[in-house]
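Trainee: I would like to learn how to read a model such as this one, feature by feature. Could you take me through it slowly?

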Amino acid sequence: MATATADIQQKSERASVGRWASIVQRQGVLIVLVLLIIFGALRYEGFLSPYNIASVLRYNSMFALIALGMTFVIMTGGIDLSVGAVAALASVVAALVSPNGLILGLLAGLAAGIIAGFINGWLVSRFRILPFIATLAMLLAARGIALILAKNTSVAVSYTSNFTTLGQGDFLSLPIPAILLVIAYIIGSIVLNFTSFGRHVLAVGGNEEAARLMGLPVENIKLAVYMLSGALSGLAGTILAAQFGAGQPLEGIGWELHAIASVVVGGTLLTGGVGSVWTSLVGALMLGLIFNLLNFENGRGVVSLSAYWQSVIRGLFLLIVVALQSRLTRSRET
Amino acid sequence: MANVSTPAPGTTRRLAVPDRWRSYIESYGALIGLIILFLYNVFFTNNFLTAQTLYVNLTQVATIAIVATGMTLVIATGGIDLSVGSLMAISGAIAPLIFLSQVGQGMNLAVTIPLSYLIAILITGAFGSFNGFLVAYGKIQPIIATLILYIAGRGIAQVLTNGNLQTFNNPVFQYIGMGRPAGVPFQVILMIVIVAIAAWVMRYTTFGRYVLAVGGNESAARLAGVPINRIKMAAYIISGLLSGIAGLIVIAINSSSDANLVGLNMELDAIAAVAVGGTPLTGGRATIIGTFIGALIMQLIRFTLLAHGIPDAAAMAVKAAIIVVAAMVQLRRQA
Amino acid sequence: MSEERTDLLLQMEGITKRFPGVLALQNVSLRVARGEVHALVGENGAGKSTLIKILTGAYKRDSGTIIFDGRAVEFQSPQQAQANGLSTIYQEVNLVPFRSISENIFMGREPKRFGLIDWRRMNSEASTILARFGLHVDVTQPLMNLNVAIQQMVAIARAVSFQSKLVVMDEPTSSLDEHEVETLFDVIRQLKAEGVSVIFITHRLDELYAVCDQVTIMRDGRTVDNRSMQSITKLELVARMLGKDINEVRRAGQTGFGEAVHKAQGEVLTAEHLSRGRALQDASVSVRAGEIVGLAGLLGSGRTETARVIFGADAPQSGQVQIEGKPVKFDSPADAIRAGIGFCSEDRKTEGIVPYMSVRENLTLALLPHLARYGIVERDKQEQVVDQFIKRLGIKTAGPDQPIRELSGGNQQKVLLARWLALNPRLLILDEPTRGIDVGAKGEIQALIDELARGGLGVMMITSEIEELTEGCDRVVVLRDGRTVAELPHEEVSQAAIMAAMAHGAEAGESAVSEAAGKEGANG
């Protein structure tokens, strides 16, 4: 089988380009994040202070949780536009239930998210409605229901129960949302890398027809990822309510697109089939850190860049990553 | 190996009749829905058939209808434009910046006002061409390509205005949103003109046919000599230009420009109007009038529920149901 | 015609399948012994795919019996067939490109430990399976990093790891180069040695002889022959596939083409030494005004690729194209169209019609720039053109507003022909213009092409129908493996000569022609 070996050697050059590409794709964003952190640490006093780290993590945990769910959806080749509205709905539901304590409040928020995710998944997998349209409808519906439940205003959470601990509390001097975030990502990573479900999610997104021929339950896998995305949106919404002391029916506008941006910046292909959960976390943190760095820069008072630059910079990051990805995928095709 | 993929002629013809019959319902489904909504209001909503009510509804629907018209073109080519709301914010920021600037105020208003409008719209058009370039030549998925400006565009508007509210009070500058030639709100006229031109373009021009051909079968269109990249570019540019116009209307109505709010969520409203109007998101087919009807339906639902004391919020849930129904009807059609 | 063989693994008898309006399979039989590599051959539309789909449970048969491994079976799905030891390797590798080799082999039945995937075991088992075929690769790398041959082998390894008794390979070699094909053959021989049977579908004749024991030939939904590979010559094989007797004397009048030779004028097209990738290596063809040049060759011989390069749809790597003596370089089909060339693609659905547009718009899609003033389509002119062509070509449609997808295949094809004729081109390239079209419309389209050439149009026609070549064409250029191997002037165009060139290429072609001519002479 000498010919085969020669072939493989020949191809390994091509493969090494692919590997290099995937390193840039996978680790590039991590490198950027580390550079941003080093830059911040050198330039700004207090950047690495426990307080700043805790507050960055506390605030961005919501976005990162949503990005985790979005990652799974996108890996199947779908998209979930409803995450922000579902988070708002969950925040209202959780706030309404909050007098009954943290556990019930949390369960209520999660349940709201899972139900919404189930409907999304059902529409996509059973009725074959485009994910874009199905979740767009859910976005409107969840927002509407949130407003109705909240009677068009924010719903104060109970401060007498222990509910606010979820958003404001610390455990071993670590913010609880950050702990939840890490736990969620560890579980997400295990699910993706060490369970059949995780691998099948990637197979469905990589080649749906092949997945079907391989006997995978494609429809149920799709249903499950939307439910997962709903659950994580629900968790994020519950944290939102606990952190800011109110269920906020109008919060979460545009979160879906920022979550998508986090996922894409992290290197997960929007066409599905490829992805890692950690890069989405890195992507979400990087996008969040841009805001934090701008605050510090303005705090120095030398240059005044308004906070609004963050969107522009985020957009630029997205452009660079997308341009890079499209070049890489194209070089791979040839 | 497509040995039996071509159905026999008999089958095709047999299917043709119910197919067409069904397609009538589907093409007119949105219109029927609109008429039902309209009649319902005639009978059950007080003071519905007054010029006042009519104008209120038309005024509110104008910006969505204008943006959705551009969105229809983009979707017809098989794409999508998420950046429309952010582009509205950009034009809404730029026009008053020029108008209120010292140079602007120093010049004759007859020069300043058209100039500020023109520059604002041209800039959003240029951003549209950026979207189009990424999609057509960069071969980047439209969702991602336009997501870039969705995020960065509003930021640009905010940076330009430093996030400040720009207020103004000049009937000429705000004519686009406040003018009432012959008692009819100017933006309503503008909307009707734009919708009519777009419908006409889709029906009577080479461009309209090329748009449908690109979305309907890109490789066939290419082999027939259709300049697919230029057509895609054009669709995104038009979407950008129309978003710019819509942004101007919004700030004129408000007598102020708030980069944080102008055009917020517009991409979703516009896409919803397109979907409800009967244009499939998969491209290749488009109905401008349908989109217009779709926008009117969404508006009338909101109005009807409000008029009967049901909050805006419930209207959103109803809208959601309508989008799902419209999507299912379309799927039926494809089957 | 088939000798008795014992120990049959698969026995399909009397298989009939009817699609609405089409009898796709008629009393077909297929018998495969254990440890046998069985070739299944036939031209397009012969029914090979349908037969395989019935075997694997993708389609239901109308009648007939399937006995697999001693039991009568009726699989409900390819998955069920696989669970019972029958795997299929498709032409397009049906694996997940981004995932690792080992995952692709074990997808759906990953080895687990404590409920989690046991990667180490999965990788080592995958390596073991591949090692059986002498393949030593890093199984953790994504499948897409490997060339297609290795991907095919991974697919085979997946099939074999299901304890398959029979592996169906549907054109596995169509995207492989010679070395890769050789590697694949080694794997097939290995399978055979282990007692696994293989059904091998290919259009490349040499491969059949290299690896197959037995061959079943299909044509028009029937089994026409079943015998051992050694007992049939290449020429015979081609003749049986095309449904011809090599000794058959040319009979006129089977097509709508007229008999006389067209009056050829100056050269419209000269294309020389075109190459692009592996599919197209050295193709040359020329067309003069007023003649029909046939482009012959088996599937995968580079016919369509030649047409696409000439039309500017794909860029050639080398070679030269001249239109009326002037060298040209087309960057896009639009350039070619402006130079007066039209191209009807072989795949009407994906490259021809725009399904939701009307007959009128489809017909005038390429003509639009000429119909419009300031970008506004002049409706009267358009109607006029459309009416004229509907009448002239006898297009059966409810009206110009009818969506083209509702038309029959033949009428769709006429609309597409009209799309180009309306432009009044000097060169028309037709890729399988009568494929998938019912007999009546076929004759009409052939007559139309004939008439067009008489009117001075240069036509280059790619076709798999040998009558269209012998009766319709003034010259026939034969391609084989991406190269022009023969150019037969009108006097020499005969079924035997064409088939000989298709089967053997240029060098063998000469002798085969003389051999066949000798036979013909002897018979006459």
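Mentor: We will go through confidence, overall shape, sheets, a contact between chains, and a few single residues.

Trainee: How far can I trust the coordinates, and where in chain B is confidence lowest and where highest?

Mentor: This is a predicted model, and where pLDDT is low, the predicted coordinates should not be read in detail. Chain B averages a pLDDT of 85, with 91% of the residues scoring at least 70. Confidence in chain B is lowest in helix H1 (residues 9-44), where the mean is 65, and highest in helix H11 (residues 228-254), at 96. Over residues 1-17 of chain B the pLDDT stays under 50, and for that stretch the model has 30 contacts beyond four places in sequence.

Trainee: What does the radius of gyration say about chain B?

Mentor: The idea is to set the value beside the one expected for a compact globule: with 335 residues, that would be near 20 Å, and chain B has 21 Å, which agrees. Along its principal axes, the C-alpha trace of chain B spans about 75 × 55 × 35 Å. Chain B holds 14 helices and two strands, and buried residues make up 56% of its 335 residues. Among its contacts between residues at least 6 apart in sequence, 78% join residues that are at least 24 apart.

Trainee: Is helix H9 of chain B mostly covered or mostly exposed?

Mentor: To judge burial, one counts the other C-beta atoms within 10 Å of a residue's own, and 20 or more make the residue buried. Helix H9 (residues 206-216) of chain B is mostly covered, since eleven of its eleven residues are buried, among them Phe207(B), Arg209(B) and Tyr210(B).

Trainee: Let us turn to sheets. What is the strand order in the open sheet of six strands in chain C?

Mentor: A sheet is read by following its strands from neighbour to neighbour, and here the order is E6-E9-E10-E3-E11-E12 in chain C, with mixed pairing. Strand E6 (86-89) and strand E12 (222-228) of chain C are the edge strands, each of which pairs on one side only. On average, neighbouring strands of this sheet are turned by 20° against each other, with direction ignored. Strand E11 (residues 214-219) and E12 of chain C run antiparallel and are joined by six bridges, and in that pair Arg219(C) has Arg222(C) in E12(C) as its bridge partner. Helix H5 (residues 148-161) of chain C lies across E6 and strand E9 (166-170), running at about 170° to E6(C).

Trainee: Which strands stand at the edges of the open sheet of four strands in chain C?

Mentor: That sheet has the order E2-E1-E4-E5, with antiparallel pairing. Strand E2 (22-33) and strand E5 (71-72) of chain C stand at the edges, each with a single partner strand, so one side of each is left without a neighbour in the sheet. Further in, strand E1 (residues 8-19) and strand E4 (residues 63-68) of chain C pair in the antiparallel sense over five bridges, and Glu13(C) stands opposite Thr65(C) in E4(C).

Trainee: Which way do the residues of strand E18 of chain C point?

Mentor: In strand E18 (residues 341-344) of chain C, Ile341(C) and Phe343(C) point one way while Gly342(C) and Cys344(C) point the other way, and all are buried. E18(C) runs parallel to strand E21 (residues 427-431) of chain C, to which four bridges join it, and Ile341(C) stands opposite Leu427(C) in E21(C).

Trainee: How many residues does each chain bring to the contact between chains A and B?

Mentor: Chain A brings 38 residues and chain B brings 40 residues. On the side of chain A that touches chain B, helix H5 (131-149), helix H11 (255-265) and helix H13 (309-333) each supply at least two residues, and H5(A) gives the most, with 13 residues. By class, that side of chain A has 28 nonpolar, seven polar and three charged residues.

Trainee: Why does Asn152(A) count as partly exposed, and what is its phi?

Mentor: Most residues other than glycine have a negative phi. Phi of Asn152(A), however, is near 65°, a positive value. Asn152(A) is found in the loop between H5 and strand E1 (155-156) of chain A, and it counts as partly exposed because it has 13 C-beta neighbours inside 10 Å. Glu324(C) also has a positive phi, near 45°, and its place is in the loop between strand E16 (318-323) and strand E17 (326-328) of chain C. With 16 C-beta neighbours inside 10 Å, Glu324(C) counts as partly exposed.

How values were computed
Residues numbered from 1 in each chain as written. Chains lettered and ligands numbered in written order. Predicted model: local features only at pLDDT ≥ 70, side-chain atom pairs only at ≥ 80, totals over all residues. Pairing = 2+ DSSP bridges. Axes fitted to C-alpha atoms, helices over the stretch in contact; angles between N-to-C directions. Contact = placed C-beta atoms within 7 Å. Nonpolar A, V, L, I, M, F, W, Y, C, P; charged D, E, K, R; others polar. Buried ≥ 20, exposed ≤ 12 C-beta atoms within 10 Å, placed from the backbone. pLDDT = per-residue confidence, 0-100. Rg over C-alpha atoms; globule rule 2.2 N^0.38 Å.
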